[in-house]
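The report below goes through a single model, beginning with the pairing of strands and ending with a few individual residues. Please keep the sequence and the 3D view at hand while reading.

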Amino acid sequence: MKRMNTSPFNIQIGNELTWNARPILFEVMHALEALLDSGETSIIDLRSIPLAQGEEETILSTLGKGEVHARLDILGLSEIYETRYAGVWLVTHYNDDESIVSRFIEITTIPDILRSQAGDMSNALIKLAHELETQEI
C-alpha cells in the first residue's frame, strides 16, 4: 500500500507573490470593526493561507508590536503580543526546537489562551485560603 506524504502546512515554492497580505490586513480591519460593533471575535490562521516569501513579514511589520507581551510555557512555548492596533493580537506557538508550529492573528479583547480557567481559579482559591489559615501574616 502506497502511503502519501502530506503536510499540514501550505508551502509555496518560488518568488511569485500570492497578493494575500493586503486582503488579510483588510480582513483584520473588518474583524476589528465587527468586534467593536457586536463583540464578535475572529481568528485568522496565518499557516492555513498561502503566502509567498516575505508576505507574512509584511503583515507582521504592518501590524507592529504594541505594549502587551506574554510568553507562556505550557505544552511548549507560546508568545502572545498585542499589535500596535488595540484588540489585534498575534499568537505564535513553537515546538521544542523553537520552530513556529502555528501562528494566528486574533481579533479580540484578550486571547483565550491568556484567560484564567475556572478550574485553575478554584484551585487557586483553595490554596490561598489554606495558606492564609496556616500562616501568620
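## Strand 2 against strand 3

R71 stands opposite E79 in strand 3, in a model that is predicted. The two strands concerned, strand 2 and strand 3, run antiparallel and are joined by five bridges. They form a hairpin with three residues between the strands, and in this hairpin L75 takes a positive phi near 55°.

## Strand 3 and its other neighbour

Strand 3, which covers residues 77-82, is also joined by five bridges to strand 4, residues 88-94, and this pair again runs antiparallel. Two of the pairings can be followed by eye: S78 has H93 of strand 4 as its bridge partner, while Y81 is partnered by L90 in strand 4. The hairpin formed by strand 3 and strand 4 has five residues between the strands, and G87, which lies in the turn, has a positive phi of about 90°.

Is strand 3 mostly covered or mostly open? It is mostly covered, since six of its six residues are buried. L77, E79 and Y81 point one way from the strand, whereas S78, I80 and E82 point the other way, and all of these residues are buried. The ring of Y81 also has a charged partner, for the charged end of K65 sits over that ring, 4.7 Å from its centre. As for pairs between aromatic rings, the count comes to zero.

## The sheet as a whole

The strands belong to an open sheet of five, with the order 1-5-4-3-2 and antiparallel pairing. Strand 1 (42-45) and strand 2 (69-73) stand at the edges, and because each has a single partner strand, one side of each is left without a neighbour in the sheet. From one strand to the next, the twist averages 20°. In general, strands of a sheet pair through backbone hydrogen bonds, in either a parallel or an antiparallel manner.

## Helices packed on the sheet

Two helices are described here as packing on the sheet. Helix 1, made of residues 21-38, packs on the sheet and touches strand 1, strand 4 and strand 5, with its direction making about 45° with that of strand 5. Helix 2, made of residues 55-63, packs on the sheet as well, touching strand 4 and strand 5, and its direction makes about 40° with that of strand 5.

## The nonpolar core

How many residues does the largest nonpolar core have? It has 16, and those with the most contacts inside it are I24, V28, I44, L46, I59, I105 and I107. Helix 1, helix 2, strand 4 and strand 5 are the elements that give two or more residues to this core, and the largest share, five residues, comes from helix 1.

I107 illustrates how these contacts are spread along the chain: leaving aside residues up to four places away in sequence, I107 touches V28, A31, L32, L35, T41, S42, I44, G87 and V88. G87 in that list is the residue with positive phi in the turn between strand 3 and strand 4.

## I100 in strand 5

I100 lies in strand 5, which spans residues 100-107. With a relative accessible area of 27%, I100 is partly exposed, because a residue counts as buried only under 20% and as exposed only over 50%. Not counting residues up to four places away in sequence, I100 touches R47, T92, H93 and Y94. I100 and L77 are 23 residues apart in sequence, and their C-alpha atoms are 9.6 Å apart in space.

Definitions and conventions
Residues are numbered from 1 along each chain as its sequence is written. This is a predicted model: local features need pLDDT of at least 70, side-chain atom pairs count only at pLDDT 80 or more; totals for chains, interfaces and linings use all residues. Side-chain values use heavy atoms; hydrogens and water are left out. Rings of Phe, Tyr and Trp (its six-membered ring) pair if their centres lie within 6.5 Å; planes under 30 degrees apart count as stacked, over 60 as edge-to-face and the rest as tilted. A charge sits over a ring if NZ of Lys or CZ of Arg is within 6 Å of the ring centre and within 35 degrees of the ring normal. Helices (H or I, at least four residues) and strands (E, at least two) are DSSP runs, numbered from the N terminus. Buried means under 20% relative accessible area, exposed over 50%, partly exposed in between (1.4 Å probe, protein chains only). Contact means heavy atoms within 4.5 Å. Two strands pair if DSSP finds at least two bridges between them. Axes are lines fitted to C-alpha atoms, for helices over the stretch in contact, and angles run from 0 to 180 degrees between N-to-C directions. A nonpolar core is a set of buried Ala, Val, Leu, Ile, Met, Phe, Trp, Tyr and Cys residues joined through side-chain atoms within 4.5 Å.
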